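Open the model in your viewer and keep the selection tool at hand. The tour goes stop by stop, and each stop says what to select and what is there.

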Amino acid sequence: MFSALKKLAAGNNKNEANGKTPAGGQQAMHASLQKKFAKGVHYNMKIIIRGDRNVGKSCLFHRLQGKAFIENYDPTQEIQASFFFVASIQWSYKATDDIVKVEVWDVVDKGKKKKPLEGLKLNTLTPASLAEEPALDAEFLDVYKGTHGVIIMLDITKQWTFDYVKRELPKIPTTIPVMVLANHRDMGHHRCVSEDDVKFFIESLNRKTDAQIRFGESSMRNSFGLKLLHKFFNLPFLALQRDSLLKQLETNLQEMSLTNEELDLYLETDDASYDKYMIINVVCFFRIICMVSFC
Ligand SMILES: Nc1nc2c(ncn2[C@@H]2O[C@H](COP(=O)(O)OP(=O)(O)OP(=O)(O)O)[C@@H](O)[C@H]2O)c(=O)[nH]1
Ligand SMILES: [Mg+2]
């Protein structure tokens with residue numbers, strides 16, 4: 001687990017460097033982008049995907065990486081993180097050349113505990129050391145920390161997945177833009193969660209901040225809704241950009257007040273007095289004359 005934690009914290013620099021497709025769903029940066037990005041990443045944007053079991057989170061996680069639909073259900077055991085650069089998910093904000101690293105997390109609420117010491121039969125092992133290692137899941141990590149956007153998914157054919165959304169949505173910090181994604185749209189004939197029900201619930205939350213809760217529909221089977229998601233990414237990006245600009249503005253104001261203080265201090269020194277300046281110059285002049293005449 002701790003290696004996975006390190007991976008989440010440190011990104012996939014090592015793998016990017018050797019150009020291999022790394023494990024755990026991470027993706028190496030395309031060689032043609034390396035030159036462009038050599039100038040440095042301007043923004044790191046973290047997007048997390050949440051939702052009840054079996055709603056299609058991992059399918060979306062794969063789709064965002066440009067991969068094919070996964071037919072078989074393989075429950076995710078612990079949080080997966082993937083690191084993209086804008087061009088590799090065909091996302092960029094229209095009015096800017098900024099290089100944005102998009103980090104997507106496929107979040108697992110309750111992971112399967114692992115037995116790290118399985119297979120080892122040493123006498124020195126105590127029952128405590130044989131204890132199961134916790135999985136990297138939402139119970140273990142504060143997944144909203146440092147998050148810029150949330151995609152919360154439900155399956156329109158399963159009422160209880162909407163109940164999950166109802167429970168989780170109010171827990172999401174109101175500063176983070178959210179997309180409620182009603183997935184399995186291609187299964188419309190089995191639909192039991194209506195668009196109106198979801199929209200009504202979202203409105204009932206009465207979010208007052210700029211970070212809105214949006215609603216959209218999707219099908220991971222035929223990629224419907226991915227365009228909408230890419231547009232949605234503009235919201236967390238613009239919020240991130242605004243924070244960064246506000247910080248720059250704050251630094252600018254601090255620098256300005258420091259410069260004014262420096263100017264005030266300078267004006268109190270001998271260097272800033274014309275009379276003293278002239279005396280120093282005259283003394284220097286006579287010294288040079290004396291040196292020249294001695295030579
Ligand atoms: N028809 C249809 N099937 C989908 C869609 N999205 C996902 N599935 C199927 O639903 C099943 C579950 O998808 P996953 O992406 O593994 O679900 P998950 O939310 O990651 O599940 P957990 O990892 O257990 O939390 C898989 O069999 C997918 O093929 C969709 O939009 N339409
Ligand atoms: Mg999954």
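**A tour of the pockets**

Start by selecting helix 4, which supplies five residues to the lining of the largest pocket, the largest share. Keep in mind throughout that this is a predicted model. Helix 4 runs over residues 57–64.

Now show the whole lining of the largest pocket, which is made of 38 residues. To find the middle, select Gly56, Lys57, Ser58, Cys59 and Tyr73, the lining residues that lie nearest the centre of this pocket. The space in the largest pocket comes to about 710 Å³. Colour the lining by class, and you should get 12 nonpolar, 14 polar and 12 charged residues.

What takes up the space of the largest pocket? Select ligand 1, and you have the occupant of that space.

Next, select the shell of residues around ligand 1. It holds 22 residues, and the closest are Arg53, Lys57, Ile70, Tyr73 and Met220. Helix 4 comes up again here, as it gives the most to this shell, with three residues. Coloured by class, the shell has eight nonpolar, eight polar and six charged residues.

Zoom in on the polar contacts of ligand 1, one residue at a time:

- Select Tyr73: a polar atom of the Tyr73 side chain is 2.4 Å from an oxygen atom of ligand 1.
- Select Asn183: an N or O atom in the Asn183 side chain lies 3.1 Å from a nitrogen atom of ligand 1.
- Select His184 and show its backbone: a polar backbone atom of His184 is 3.4 Å from an oxygen atom of ligand 1.

Turn on a surface for the protein at this point. Ligand 1 on its own has 660 Å² of accessible area, and the protein covers 93% of that.

For the last stop, leave ligand 1 and go to the second largest pocket. Which residues lie nearest the centre of the second largest pocket? Select Thr175, Pro177, Ala211, Ala239 and Arg242 to see them. Then extend the selection to the full lining, which has 16 residues. By class, this lining has eight nonpolar, five polar and three charged residues. About 330 Å³ of space lies in the second largest pocket.

Note on methods
Residues are numbered from 1 along each chain as its sequence is written. Chains are lettered from A and ligands numbered from 1 in the order in which they are written. This is a predicted model: local features need pLDDT of at least 70, side-chain atom pairs count only at pLDDT 80 or more; totals for chains, interfaces and linings use all residues. Side-chain values use heavy atoms; hydrogens and water are left out. A residue is near a molecule or strand if one of its heavy atoms lies within 4 Å of it. A polar contact is a pair of N or O atoms within 3.5 Å; within protein, one must be able to donate a hydrogen and the other to accept it, and residues adjacent in sequence count only if both atoms are side-chain atoms. Accessible areas come from the Shrake-Rupley method with a 1.4 Å probe; for residues, only the protein chains shown count as cover. On a 1 Å grid over the protein atoms alone, a cavity is a set of points where a 1.4 Å probe fits but cannot get out, and a pocket is an open set with protein on both sides within 12 Å along at least five of seven lines; lining residues have an atom within 4 Å of a point. A molecule sits in a cavity or pocket if more than half of its atoms lie within 2 Å of its grid points. Helices (H or I, at least four residues) and strands (E, at least two) are DSSP runs, numbered from the N terminus. Ala, Val, Leu, Ile, Met, Phe, Trp, Tyr, Cys and Pro count as nonpolar, Asp, Glu, Lys and Arg as charged, and the others, Gly among them, as polar. Grid points are joined across faces, edges and corners, and a volume is the space filled by probe spheres set on the points.
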